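Work through the following exercises with the sequence and the 3D model open beside you. Try each task on your own before you read its solution.

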Amino acid sequence: YKMANPSKKIREQRDDLSPFLFHYTKGREAFEILLSIIDEKKLKSEKGYICFTEAPLATSLRMFDYMNQYPDPMYAPYGIGFNRDFLFNIGARPVIYGTEEENEKIPQELKWRCLNLQPESYDFSWLREWRIEGNEFDFKDYHNDIIIVAPTNEELEKLTTDYDFDVDFAYEHEVRMSFPYLIHIPKRGFRGISLEKIRDDSYISDREVSNEVESQTLNELLDD
């Protein structure tokens, strides 16, 4: 008899775990950088790997508040979340934290996963980092596995809304003619959540984040 893997049930009981892996942008132009990423539908890096964190979004608000005090924050609250299991299935793996001496023993083909850890001088293990190998990750075919993260509801709307266009006609009685005009029809291009929503609704775990984004439907018409 083989016992069923309890991992999924255990993960659902813990507020310190998330079904997502997040990639955040940096600096004071973080919004513009994320807008460009969404437009290109690609994550890029010159390091040979793309970075993510498995730290839950709902418990990261204080981290963003702390980072925001710096003029060029290391991480800003603008990013993309991917389903963790989906990323694992296409090659993402958790980082191997160790000393330089230990990492030297790792085979060359796995060194992209290694990160130095010296608790007294160099310790980024709090990121709970994952990586996917390569200088580019094209996610244009993965809409269903993506959520957009932004600080405010207003910014989230700008990042997640697409527009269809139609033409209507207005009749001018003075000249007895109809003139065409363009209609912008907003629709949901991506699912997403804002830190404002998390704070206002007092979310304490990413289970609630997941429930919120699952209630959203891609391409649904939005209020103009």
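A residue is called buried when its relative accessible area is under 20%, exposed when that area is over 50%, and partly exposed in between. Keep in mind throughout that this is a predicted model.

**Exercise 1. The chain as a whole**

Task: Describe the protein chain by its secondary structure, its extent, its burial and its contacts.

Solution: Begin with the secondary structure, which comes to eight helices and 13 strands. Next consider the extent of the chain, whose C-alpha trace spans about 85 × 45 × 35 Å along its principal axes. Then turn to burial, where you should find that 40% of the 224 residues are buried. For the accessible surface, the total is about 13900 Å², and carbon and sulfur atoms contribute 49% of it. As for contacts, among those with a separation of 6 or more, 73% are between residues 24 or more positions apart. Finally, look at the charges: there are 28 positive and 44 negative ones, and their mean positions lie 6 Å apart.

**Exercise 2. Two aromatic pairs**

Task: Classify the ring pair Tyr24 and Phe64 as stacked, tilted or edge-to-face, and then do the same for Phe31 and Tyr78.

Solution: A search of the whole structure finds twelve aromatic pairs. In the pair formed by Tyr24 and Phe64, the ring centres are 5.0 Å apart and the planes stand at 80°, so the arrangement is edge-to-face. The step rests on two cut-offs, because ring centres must lie within 6.5 Å to make a pair, and planes over 60 degrees apart count as edge-to-face.

Now place these two residues along the chain: Tyr24 belongs to strand 1 (residues 20-24) and Phe64 to helix 3 (residues 61-67), so that the pair links distant parts of the chain, 40 residues apart. Tyr24 and Phe64 are both buried.

For Phe31 and Tyr78 the centres are 5.9 Å apart and the planes are again at 80°, so this pair is edge-to-face. Phe31 is part of helix 2 (residues 30-40), while Tyr78 lies in the loop between helix 3 and strand 4 (79-83), so the pair ties together parts that are 47 residues apart in sequence. Phe31 and Tyr78 are both buried.

**Exercise 3. A cluster, and charges over rings**

Task: Find which residues form one aromatic cluster, and state over which rings the charged ends of Arg93 and Arg131 sit.

Solution: The cluster is made up of Phe52, Phe82, Phe86, Phe137, Phe139 and Tyr142. Then follow the two arginine side chains in turn. The charged end of Arg93 sits over the ring of Phe88, 3.9 Å from the ring centre, and the charged end of Arg131 sits over the ring of Tyr49, 3.9 Å from the centre of that ring.

**Exercise 4. The surroundings of Cys51**

Task: Decide whether Cys51 is buried, partly exposed or exposed, and list what Cys51 touches.

Solution: First locate Cys51, which is found in strand 3 (residues 49-53). Its relative accessibility is 21%, so Cys51 counts as partly exposed. If residues up to four places away in sequence are set aside, Cys51 touches Phe22, His23, Glu129, Trp130 and Arg131. Lastly, compare sequence with space: Cys51 and Pro94 are 43 residues apart in sequence, and their C-alpha atoms are 9.8 Å apart.

**Exercise 5. Two residues in one loop**

Task: Where do Lys26 and Arg28 lie, and which residues do they touch?

Solution: Lys26 is placed in the loop between strand 1 and helix 2, and Arg28 lies in the loop between strand 1 and helix 2 as well. With a relative accessibility of 41%, Lys26 counts as partly exposed. Leaving aside neighbours within four places in sequence, Lys26 is in contact with Ile33, Pro73, Met74, Tyr75 and Ala76, whereas Arg28 touches Asn68, Tyr70, Pro71, Asp72 and Pro73.

**Exercise 6. Positive phi angles**

Task: What is the phi of Lys41, and what is the phi of Arg128?

Solution: Start from the general expectation that most residues other than glycine have a negative phi. Lys41, although not a glycine, has a positive phi of about 60°. Lys41 is in the loop between helix 2 and strand 2 (42-44), and is partly exposed at 24% relative accessible area. Arg128 has a positive phi near 50°. Arg128 lies in the loop between strand 7 (114-116) and strand 8 (129-133), and counts as partly exposed at 26% relative accessibility.

Conventions: Residues numbered from 1 in each chain as written. Predicted model: local features only at pLDDT ≥ 70, side-chain atom pairs only at ≥ 80, totals over all residues. Heavy atoms only, no water. Phe/Tyr/Trp six-rings, centres within 6.5 Å; stacked < 30°, edge-to-face > 60°. Helix = DSSP H or I, 4+ residues; strand = E, 2+ residues; numbered from the N terminus. Buried < 20%, exposed > 50% of the residue type's maximum accessible area, 1.4 Å probe, protein only. Lys NZ or Arg CZ within 6 Å of the ring centre and 35° of its normal. Contact = heavy atoms within 4.5 Å. Areas by Shrake-Rupley, 256 points an atom, 1.4 Å probe, with all protein chains shown as cover. Lys, Arg positive; Asp, Glu negative; His and termini not counted. Charge placed at Lys NZ, Arg CZ, Asp CG, Glu CD.
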